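User: I would like to know how the labels on this model are justified. Please set each value against its cut-off.

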Amino acid sequence: MLAINLMLFLIELSAGIVASSTSLMADSLDSLGDALVYAFSLYVLFRSERWKLGAALLKGLIMLGFGVAVTVALVHRALAPIVPVAEMIGGFGLFALAGNLACLILLTRHRSDDINMESVWLCSRNDIIANVGVILASFGVALTGSMWPDFAVGAVIAAIFLRSALYVVSQAIRGLRGLDGDRSCTI
């Protein structure tokens, strides 16, 4: 899954730049974020609950950073509008969807293991949502000849990043506070 997401990041970022697509570039950042999430998850897999919660907190903060980065890119695109290439958006959106579906299927049985695995599963679920949005954006751009469908999907992806980030960060902080509370009771 780590390799799949690194590949998707590089391919979608390149395609997003060539196609002038905010949604593809946003989706590529999502893939990079997932690759980082998978790396952290592997690192803390057999570590203590504190490590797992700390990794979840870091992953949430990375998602938050990507949400802010996509929002900044959207502001830039609104100030310098360019109609993206619909066919590239759709083709690479389908390619990313196939890769992310494979990852989601592999993760589904582990999503309830702990906050670490739940955060990984949420990232993969968000990918599927983003990929479908990218594909819809390609149809919207093709039908309207406008950048706004691509822009709208980029905004939705940013909102998904921000919403998921806030959830994961709050759950991780709650868990860390619970650990601190448990430790203080045993001293």
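User: What makes L2, L6, L42, L45 and F46 a nonpolar surface patch?

Analyst: Patches are made of residues with over 30% relative accessible area and no salt bridge (a side-chain nitrogen of Lys or Arg within 4 Å of a carboxyl oxygen of Asp or Glu). Nonpolar side chains (Val, Leu, Ile, Met, Phe, Trp, Tyr) are joined within 5 Å, and like charges within 9 Å. Here L2, L6, L42, L45 and F46 make a patch of about 510 Å², an area from the Shrake-Rupley method with a 1.4 Å probe. The model is predicted: local features need pLDDT of at least 70, side-chain atom pairs count only at pLDDT 80 or more, and totals for chains, interfaces and linings use all residues. Residues are numbered from 1 along each chain as its sequence is written, and side-chain values use heavy atoms, with hydrogens and water left out.

User: Why is L6 called partly exposed?

Analyst: Buried means under 20% relative accessible area, exposed over 50%, and partly exposed in between (1.4 Å probe, protein chains only). L6 has 39%, so it counts as partly exposed. L6 is in helix α1 (residues 2-19); helices are DSSP runs of H or I with at least four residues, numbered from the N terminus.

User: How do you know that the span of helix α4 agrees with its number of residues?

Analyst: The expected span is 1.5 Å times one less than the number of residues. For the 22 residues of α4 (residues 86-107) that gives 32 Å, and the end C-alpha atoms are 31 Å apart, so the two agree. Among the buried residues of α4 are A86, G93 and L107.

User: How many aromatic pairs are there, and why is the pair of F66 and F161 called tilted?

Analyst: There are three in the whole structure. Rings of Phe, Tyr and Trp (its six-membered ring) pair if their centres lie within 6.5 Å; planes under 30 degrees apart count as stacked, over 60 as edge-to-face and the rest as tilted. The centres of F66 and F161 are 6.0 Å apart and the planes are at 55°, so the pair is tilted. F66 is in helix α3 (residues 49-79) and F161 in helix α6 (residues 148-186), so the pair ties together parts 95 residues apart in sequence. F66, at 13%, counts as buried, and so does F161, at 4%.

User: What makes the pair of W148 and F151 edge-to-face?

Analyst: The planes of W148 and F151 are at 70°, with 5.0 Å centre to centre, and over 60 degrees is edge-to-face. W148 is partly exposed at 46%, whereas F151 is buried at 18%.

Methods:
Helix = DSSP H or I, 4+ residues; strand = E, 2+ residues; numbered from the N terminus.
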